[in-house]
Amino acid sequence: MQPISVGRDRWQLRATEPVRAQRYLAEGWWNDATLGAMVADGLGSMADAGFRVRSKVRPWSGTFADVDRAARSLAAALRSRGIGPGDVVACQLPNWVEAGISFWAAAYLGAVVVPIVHFYGAKEVDYILRATEPEAIVTADRFGHNDYLATYEDLLSRRPQPLWLVAGATPAGKLPAGATPFEAMLDAEPMPAPAAVDPDTPALVAFTSGTTRDPKGVVHSHRTIGCETRQLDHLFPGGGPPQITGAPVGHFIGMLNAFLVPLLRPRPVNLIDVWDPGEVLRMMLDEGLSVGGGATYFLTSLLDHPDFSDEHLALMPFAGLGGSTVPVAVTERATRLGIKVFRSYGSTEHPSITGSLIDDPETKRLTTDGHPLPGVEVRLDPDGQILSRGPDCFVGYTDPDLTAAVFDDDGWYRTGDVGVLDDDGYLTITDRVSDIIIRGGENISAQEVEELLLRMDGVAEVAVVAAPDERLGEHAAAVFQVRAGVPATTLDDVRTHLAAAGLARQKWPESLYEVREFPRTPSGKIQKFRLRQQLRDGQLVAMQEETVT
């Protein structure tokens, strides 16, 4: 059967230069396997591996074989509704089994999966739906603060109705019109084999907030996702207890670590839908599980908890940190405790640019972001901005203008980060060109938050910058210049305003400051690097500070 080639024209994606594409294939960084073939091979060889969800509202326990059958049945049911290769399947789900079923089903279909972080609100979701126009959407009914039924009923009333599947405890008779219970799609005869599709076509679109007002849709092909999965497996040491996945599977790397990397080695899937450090520590001892890293917060939240003990430490032989700022103080602290730490650097666009392996020299592992990973090239421009290219680099954005802005004619990707390379080829990130805050591994667009805050009464001007955070690496701090005679803005005012605007809670500022005048360039632009330095030096006047949970 000839593979189906669809999707590249949908977003005017770039093609890898032929010489480099041939080299990636010749050197083994790329192969012709689609995501569907990867999933079929992995699930077929590890049918008895465990798949378990720890959740107060939707726990689940079974095997890869159980999830595989459900995924193949869902794929068959979707195909019977006319959904197939190149069609878009969007999923906004917590770390539940339905997320794994949906991802693997989309892979079998050759569809383009769009994971949406479970805490995204109506504003972000509306943009994502407009950018991708999905043929099918899978959501929870409710989770935490989010009422997905209300959100999607409203959003889908404004556009042609896709197939909307809902997972959760809500009875079918109480679902909104047009919604279908997820379980009702699992009775079809399982799809026998994955669809044959061109591995150069899109496989996944991951949305990440950056310097722009709206999230950016990052498009990866079957080849780039396959390579990235192998890169992650290459970085992760062998041995050690089974791992807990607490990172949201609606996030690009969380999804890959949960549903693709385990298919490359005998490794069960252990999901938890709410990161409660005390509960995680209890599970570690009761079930012999480990936490192997991720964003710095996942490690520090355990080390700082009063229940943390030497028994837990014995279950944590190593920790790979990345996805957000990794302070040297954290890597040195973990090392003193006996945890072997290694760091890595990448982004949704180019996920694995550099990294250290567990047997690299300790100084490099603790103080740098590693060396270029297999197949990856790194260089610095005259201003120190990091440029990269490699077999796991994305193929473009859903917005073609953004694609053109970040790639040069030779395929180098402008990362927006600034760094230095030492004589041994190890990279250290020193700053960011792009104006983002990385809170616990999740990107927050400062501009997006600023534009909403400027609509508050009495606010003359506002700048949102990254503030150091011992738990999360960074959090958003809002620096206000208010109009004369106007009462000081409070966190409650900010929260009420942003909740009404539909902005996800994780993006809300957690500390407020006030200035009489902003530091500016000669052209009048606020100098945010100076604000960040003033904040670090304690020179800004604090209005209010409190952690948002």
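**Helix α5, its exit loop and the cores around it**

E133 sits in the loop that runs between α5 and β5. In this predicted model, the phi angle of E133 comes out positive, near 45°, and the residue is not a glycine. With a relative accessibility of 55%, E133 is classed as exposed, since the cut-off for that label is over 50%. E133 follows directly on from α5, so the helix itself is a handy place to look next.

Helix α5 covers residues 122-132 and is mostly tucked away, with eight of its 11 residues buried. The buried ones are E124, V125, D126, Y127, I128, L129, A131 and T132. As for what they pack against, the list of strands has β3 (88-92), β4 (112-115), β5 (136-140) and β10 (202-208). On the helix side, the partners are α6 (148-156) and α15 (446-453).

A positive phi outside glycine also turns up at Q12, where the value is near 55°. Q12 belongs to the segment ahead of α1 (18-26). Its relative accessible area is 58%, so Q12 counts as exposed.

Moving on to the packing, the largest nonpolar core takes in 92 residues. Those with the most contacts inside this core are F51, L78, F103, W104, Y152, L204 and F259. Helix α4 (residues 97-109) supplies the largest share of the core, at 10 residues. There is also a second, separate core, made up of 28 residues, with I272, L281, A295 and L321 among them. As a general point, nonpolar side chains in soluble globular proteins tend to be buried together.

L204 gives a good feel for the larger core. Setting aside residues up to four places away in sequence, L204 touches F103, V112, V113, P115, V218 and V219, and its list goes on to include H220, I225, F252, M255 and L256.

Not everything in α4 is nonpolar: E98 is part of this helix too. E98 has a relative accessibility of just 5%, so it counts as buried, the cut-off being under 20%. Beyond its neighbours within four places in sequence, E98 is in contact with R58, L93, A167, F182 and E183. The C-alpha atoms of E98 and A71 are 9.0 Å apart, with the two positions 27 residues apart along the chain.

Zooming out, the protein has 17 helices and 28 strands. Its C-alpha trace spans about 70 × 55 × 55 Å along the principal axes. For 549 residues, a compact globule would be expected to have a radius of gyration near 24 Å, and the 23 Å found here agrees with that. Buried residues make up 59% of the 549. Of the contacts between residues at least 6 apart in sequence, 70% link residues at least 24 apart.

On the outside, the accessible surface adds up to about 21,800 Å², and carbon and sulfur atoms account for 50% of that area. As for charge, there are 50 positive and 73 negative side chains, and the centres of these two sets are 2 Å apart.

Key
Residues are numbered from 1 along each chain as its sequence is written. This is a predicted model: local features need pLDDT of at least 70, side-chain atom pairs count only at pLDDT 80 or more; totals for chains, interfaces and linings use all residues. Side-chain values use heavy atoms; hydrogens and water are left out. A nonpolar core is a set of buried Ala, Val, Leu, Ile, Met, Phe, Trp, Tyr and Cys residues joined through side-chain atoms within 4.5 Å. Buried means under 20% relative accessible area, exposed over 50%, partly exposed in between (1.4 Å probe, protein chains only). Helices (H or I, at least four residues) and strands (E, at least two) are DSSP runs, numbered from the N terminus. Contact means heavy atoms within 4.5 Å. The radius of gyration is taken over C-alpha atoms; the globule rule is 2.2 Å times the number of residues to the power 0.38. Accessible areas come from the Shrake-Rupley method with a 1.4 Å probe; for residues, only the protein chains shown count as cover. Lys and Arg count as positive and Asp and Glu as negative; His and the chain ends are not counted. The place of a charge is taken as NZ of Lys, CZ of Arg, CG of Asp or CD of Glu.
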